[in-house]
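Open your viewer and get ready to click along. We will make a few stops, and at each one you will select something and look around.

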Amino acid sequence: MGNFNLFICSLLEILECNIISAESFIIPLLSTLLAAFWIMVPAYIPNPVAALCGGGTPIDFNRTWSDGRRILGDGKTYRGLVCGVAVGILCGGLQIWLVGTYGWDLPRHTFASVTLLALGALLGDMGKSFFKRRLGKDRGAKWPIADQYDLVVGAFLLTLIFDPAWLLSEITLPILVMILILTPLLHRSVNIIGYLCGVKKEPW
Ligand code: CTP
Ligand code: MG
């Protein structure tokens, strides 16, 4: 019993000193969280902006696929796409300016990275809608996991194709893990806010 207590005490000591201590755990965790968020801002912005200003001509021009269902559906419009990508790029431009002006120690965006992330996020969203329709899910239907990660897959895939050097140097493994944790949490929160404000028809 004595040995066991000693063991637990030592374990707690190690936890306290090395794992939960501010310098070695909490600060790196928060800085990884901030870096992950900073990288993803140009990809996170387009979806809510599209929901705010979307409408008008659908991207698929009302056309149907060979299965008789819409190619993308009424939830994907040119106005949403253009406004979403434009505001995503503007926010990324602001981030580039902030880091350049104040020298903040944050991941470095470039004009290419913010454009690819913003456009990729909404292309991922369109890709998801395409597969959603093929599975017979109606516009707005819930599709867990795909609904949350479509923007990450689209943004990273497009950046990997056109600017792999930037992607591989900025997205380290800890940042990637943080993005995978942060994205569904933010997605859900923003959609609930959008739903409560009446901007989104569904809270997902
Ligand atoms: N939106 C848009 N154009 C886009 C993306 C989104 O106009 N390229 C707008 C639409 O009004 C859409 C809303 O943003 O209804 C919410 O987007 P999202 O949840 O992605 O679309 P859903 O309506 O859920 O459609 P889907 O089932 O195809 O995902
Ligand atoms: Mg939806």
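Two residues are in contact if their C-beta atoms, placed from the backbone, lie within 7 Å. This is a predicted model, where local features need pLDDT of at least 70, side-chain atom pairs count only at pLDDT 80 or more, and totals for chains, interfaces and linings use all residues. Residues are numbered from 1 along each chain as its sequence is written, while chains are lettered from A and ligands numbered from 1 in the order in which they are written.

**Stop one: a residue and its core.** Select A36, then find I175, M178, I179 and L182: A36 touches these four, not counting residues up to four places away in sequence. A36 also belongs to the largest nonpolar core, which has 28 residues. Such a core is a set of buried Ala, Val, Leu, Ile, Met, Phe, Trp, Tyr and Cys residues joined through C-beta atoms within 7 Å; buried means that 20 or more other C-beta atoms lie within 10 Å of a residue's own. Which element gives the most to this core? It is α5, with 8 residues.

**Stop two: a helix.** Helices are DSSP runs of H or I, at least four residues, numbered from the N terminus. Select α6, residues 146-162. Its buried residues include L151, F156 and L158, and what covers the buried residues of α6 includes α2 (22-44) and α8 (173-196).

**Stop three: the ligand.** Now select ligand 1. Of the 18 residues around ligand 1, G54, G75, T77, G80 and S129 come nearest; a residue counts as near if its C-beta atom, placed from the backbone, lies within 6 Å. Here, too, α5 gives the most to the shell, with 4 residues.

Definitions and conventions. Helices (H or I, at least four residues) and strands (E, at least two) are DSSP runs, numbered from the N terminus. The expected span of a helix is 1.5 Å times one less than its number of residues. A residue is buried if 20 or more other C-beta atoms lie within 10 Å of its own, exposed if 12 or fewer, and partly exposed in between; C-beta atoms are placed from the backbone.
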